[in-house]
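Reader: I should be grateful for a close look at a single part of this model, chosen by you. Please set that part in its surroundings and explain the reasoning behind each step.

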Amino acid sequence: MGLVCSTAQLACLCGSTACSFCCSQCPSCRNSTSTRIMYALLLLLGTIAACITLAPGLQNALKKVPFCANSSNYVPSEVTLDCQSAVGYLAVYRICFILALYFFLMSIIMIRVKSSRDPRAPIQNGFWAIKYLLIIGGIIGAFFIPERSFGSTWMYFGMLGGFLFIIIQLILIVDFAHSWADAWVGNYEETESKGWYAALLSATFFNYAVAVGAVTALFIYYTHADSCDENKFFISFNLILCVITSIISILPTVQEHQPRSGLLQSSVVTLYVVYLTWSGISNSPVRECNPGFIPGLSSHDVATQNRVAFDKESIIGLIIWFSCVLYSSLRTASKSSKITMSENVLVQDNGAVEGRNPDAESGNDAKVWDNEEEKVAYNWSFFHLMFALATLYVMMTLTNWYKPNSTLDTLNANNASMWVKIISSWMCLGLYVWSLLAPVIFPNRDFS
């Protein structure tokens, strides 16, 4: 429903006639939901534009852009990298620079907004045509930024922002695992239907089966009997941690404080940790331990460069990224207080936030109504900060966490990326264990 309402809002960019027509075809929805989806759509369109710049067929055209036409060597070091090899990556940097800057500015502007009665509310919920024009104009202007040290400097901001978004992504995934289990266990307890019980068992078994199969594949393809000790450690250590975490989730003490805690949540977290482990070791710079190793920096083959940009790890990462962004945009209740000790990460679920449609009650046919007159449904400033970090994450994912002045001879392998992903897997398990133990450690706090 929110997506349909957001489509109507997007139609308003084309004028009042298109807006009125689309709104007439839409079901009613809350303004807070349609606004969040509009920003998610804005981020998705920016991501698509960044992906397009990596298309092999555009490399010759991109060589004519201002930042490329006036420079033939981007890297002020002993490594030579011509425009043909890096123009796609550096174009992604510029597009994401404008998107991230926009969301950062919106985050600052929306600090301490309490309700839609605030004068800044129209900036948040409207003026979509102006917003899109500003971003398009900013992206065009960014292509005039001289290269010099822009790419290498912005890369460090991307590294930090991408890592911070991974932390937020971990919270969202753990929240999703708890919400999924709560919903299905609740349905089973209410109906005592064997169908729900079978669904719980099937989903849990499927997740663990995929995780075990993936771990086996990692040992086969990313390790050797007499080498790759680092990869062996990462895979084995994370596997042991996942087993320990699964055991903790069914301990009697945990079950006493969280009756719906169980192996379904643990299986989701285990599956994601296995993905992070694969993502980490697939960025290993050791040739013999990385079957996906593709020489890139020393080669001027544009097709090779862009094939690296769209490898399997990047595609799966983008799918998970957009799922988390969409989940944060649609979510109407949060279990994240177990993790953050706060209700500010996702949208709160209470009467003031849910709101009502006064126009519908009076017989009018309003399609989108303001449900934040008394209290905002979500923290507007934090929402934009999260999207700014999401932009930096997608920038680093599309460029394989590529360091423009790296002395490595690959674009898809570097230690920084490997350790970011491995540390993230440990943090994911830590956050999940905390969500299990927090009610035990703080019995007087309400985590319901």
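Author: A residue is called buried when its relative accessible area is under 20%, exposed when that area is over 50%, and partly exposed in between. Thr-391 may serve to show how the term is applied: its relative accessibility is 0%, and therefore Thr-391 counts as buried. This residue lies in helix α19, which spans residues 380-398. Leaving aside residues up to four places away in sequence, Thr-391 touches Leu-43, Cys-96, Leu-99, Ala-100 and Phe-103.

The model is a predicted one. Its chain contains 20 helices and two strands. Of the 448 residues in the chain, 52% are buried. Among contacts with a separation of 6 or more, 78% join residues 24 or more positions apart.

The part I have chosen for the close look is helix α11, which covers residues 229-249. How many residues does α11 have, and how far does the helix reach? It has 21 residues and spans 30 Å between its first and last C-alpha, close to the 30 Å expected at 1.5 Å a residue. The buried residues of α11 are Asn-231, Phe-234, Ile-235, Asn-238, Cys-242, Thr-245, Ser-246, Ile-248 and Ser-249. These residues lie on the same side of α11, because the arc they cover around the axis is only 155°. The elements that cover them include α10 (194-222), α12 (252-257), α13 (263-281) and α20 (415-441).

The partner to consider next is α13. In general, a pair of packed helices is described by two quantities, the angle between the axes and the distance between them. For α11 and α13, the axes come within 10 Å and cross at roughly 170°. An angle over 145 degrees counts as roughly antiparallel, so α11 is roughly antiparallel to α13. On the α11 side, the contact is made by Asn-231, Phe-234, Ile-235, Asn-238, Cys-242, Thr-245, Ser-246 and Ser-249. On the α13 side, it is made by Leu-263, Ser-266, Thr-270, Val-273, Thr-277 and Ile-281. By class, six nonpolar and eight polar residues take part in this contact of α11 with α13, and no charged residues.

Another element that covers the buried residues of α11 is α10, and α10 has a packing partner of its own in α9 (residues 150-191). The two helices pack with their axes 8 Å apart and at an angle of about 150°. With that angle, α9 is roughly antiparallel to α10. From α9, the residues in contact are Trp-180, Trp-184, Val-185, Asn-187, Tyr-188 and Thr-191. From α10, they are Trp-196, Tyr-197, Ala-199, Leu-200, Ala-203 and Asn-207. Here the classes comprise nine nonpolar, three polar and no charged residues.

Helix α10 also holds Leu-201. Is Leu-201 buried, exposed or partly exposed? Its relative accessibility is 48%, so Leu-201 counts as partly exposed. Although 63 residues separate Leu-201 from Leu-264 in sequence, their C-alpha atoms are 8.0 Å apart in space.

Helix α12, which also helps to cover the buried residues of α11, contains Glu-256. This glutamate is exposed, because its relative accessible area is 61%. Its C-alpha is separated by 8.8 Å from that of Val-440, a residue 184 positions away along the chain.

For comparison, one may consider helix α8 (128-142). It has 15 residues and reaches 21 Å between its end C-alpha atoms, close to the 21 Å expected at 1.5 Å a residue. Buried in α8 are Trp-128, Lys-131, Tyr-132, Ile-135, Ile-139 and Ala-142. They cover an arc of only 95° around the axis, and so they lie on the same side of α8. The face turned away from this buried side carries the exposed residues Leu-133, Leu-134 and Ile-140.

Two loop residues complete the account. In general, most residues other than glycine have a negative phi. Phe-127, in the loop between α7 and α8, has a positive phi near 60°. Arg-112, in the loop between α6 (83-109) and α7 (121-125), likewise has a positive phi, of about 65°, although it is not a glycine. At 65% relative accessibility, Arg-112 counts as exposed.

Terms used
Residues are numbered from 1 along each chain as its sequence is written. This is a predicted model: local features need pLDDT of at least 70, side-chain atom pairs count only at pLDDT 80 or more; totals for chains, interfaces and linings use all residues. Side-chain values use heavy atoms; hydrogens and water are left out. Helices (H or I, at least four residues) and strands (E, at least two) are DSSP runs, numbered from the N terminus. The expected span of a helix is 1.5 Å times one less than its number of residues. Buried means under 20% relative accessible area, exposed over 50%, partly exposed in between (1.4 Å probe, protein chains only). The arc is that of the directions from the helix axis to the C-beta atoms. Contact means heavy atoms within 4.5 Å. Axes are lines fitted to C-alpha atoms, for helices over the stretch in contact, and angles run from 0 to 180 degrees between N-to-C directions. Angles under 35 degrees count as roughly parallel, over 145 as roughly antiparallel, 65 to 115 as roughly perpendicular and the rest as oblique. Ala, Val, Leu, Ile, Met, Phe, Trp, Tyr, Cys and Pro count as nonpolar, Asp, Glu, Lys and Arg as charged, and the others, Gly among them, as polar.
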